[in-house]
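Reader: Hi! I'm new to this one, could you walk me through it?
Author: Happy to, let's bring it up and start with a pair of helices.

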Amino acid sequence: MHLIWPAEHARPIDDDELERLYTYPDRERWLAVNFVASADGAVEVGGLARPLSTPPDRKVLRLGSDLADVLLIGATTAMVEGFRGVHPDRRTLDRRRRHGLADVPPTAVVSTGRSLPPDAPVITRARVPTTVLTCASVPEPTRRAWQEAGADVVVAGEDTVDLAAAVAALTGRGLRRIDCEGGPHLFGALTAAGLVDELRLTVSPLLAAGPAGRIATGPPTPPIGLRLATALAEDDTLLLRYLTPSR
């Protein structure tokens, strides 16, 4: 893999340096959003993000979860992608222990109740209890079913999930390195709430065309300027890290 930005530091890098680049800063909270998109901007192929992923993308995506305190994901994305939480192998365990992290990072799923059944794999197949971040308007039987399936339920907001309160609930539990893995609605809402610190964007060397959406969706918000932190290239894949203005 080659570091190509900052230009004055352009050079080949090894896995140890890659890990240092993707380590979360020592801040009170750091929320990084991960996405892969085709070169023409498609966020999925056939309804899934997985066909867009490349080996370099999977390498940095794994670093994001390996070095995080918690994974944050939208309920629809968790269901569509069949997400079942982190099941660490020896390499992940070694990496997490070197950084003083718990062996398994929990998953936090954002849901208003409609797209997260209690038997969802992200709840029932997770190695540690999944946190469901939801709102008060979700019927009590639905919340109770999540709890009975093994989830920890956090109510943040009334009619919709108050993401600022939800993120504060995570950091209040010491889960301050937050790795968001989509989907586009959650990314759009986190952006609108001013909660995104870093975007980790992989540009996949594919043209997908078709009706695929973009990496962030939702009501219009004022554009936010980003600062390019690093750019890496490997096997035609471009790996970008952008920081928001406050960072």
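Reader: At what angle do helix H2 and helix H4 pack?
Author: In this predicted model, H2 (residues 55-66) and H4 (residues 90-98) pack at an angle of about 50°. Their axes lie 10 Å apart.

Reader: Which word fits that, oblique or parallel?
Author: H2 is oblique to H4, because the angle is about 50° and falls outside the ranges under 35, 65 to 115 and over 145 degrees.

Reader: And is the crossing left-handed or right-handed?
Author: H2 crosses H4 in a right-handed way.

Reader: Cool. Which residues make the contact?
Author: On H2 they are Arg62, Leu63, Ser65 and Asp66. H4 brings in Arg91, Thr92, Arg95 and Arg96.

Reader: How do those residues of the contact divide by nonpolar, polar and charged?
Author: Five are charged, two are polar and one is nonpolar in this contact of H2 with H4.

Reader: Switching topic: how many helices and strands does the protein have?
Author: It has eight helices and 11 strands.

Reader: How compact is the protein?
Author: It is as compact as a globular protein of its length, because its radius of gyration is 18 Å, close to the 18 Å that the globule rule gives for 247 residues.

Reader: What box do the C-alpha atoms fill?
Author: Roughly 55 × 40 × 35 Å, along the principal axes.

Reader: Last one: what does the UniProt annotation cover?
Author: The unreviewed UniProt entry annotates residues 29-229 as "domain: Bacterial bifunctional deaminase-reductase C-terminal". That span is 29% helix and 20% strand, and its end C-alpha atoms lie 18 Å apart.

Key: Residues are numbered from 1 along each chain as its sequence is written. This is a predicted model: local features need pLDDT of at least 70, side-chain atom pairs count only at pLDDT 80 or more; totals for chains, interfaces and linings use all residues. Side-chain values use heavy atoms; hydrogens and water are left out. UniProt positions are given in the numbering used here, feature names are shortened, and annotations may be inferred rather than shown by experiment. Helices (H or I, at least four residues) and strands (E, at least two) are DSSP runs, numbered from the N terminus. Axes are lines fitted to C-alpha atoms, for helices over the stretch in contact, and angles run from 0 to 180 degrees between N-to-C directions. A crossing is left-handed if the near helix is turned anticlockwise from the far one by less than a right angle, and right-handed if clockwise. Contact means heavy atoms within 4.5 Å. Ala, Val, Leu, Ile, Met, Phe, Trp, Tyr, Cys and Pro count as nonpolar, Asp, Glu, Lys and Arg as charged, and the others, Gly among them, as polar. The radius of gyration is taken over C-alpha atoms; the globule rule is 2.2 Å times the number of residues to the power 0.38.
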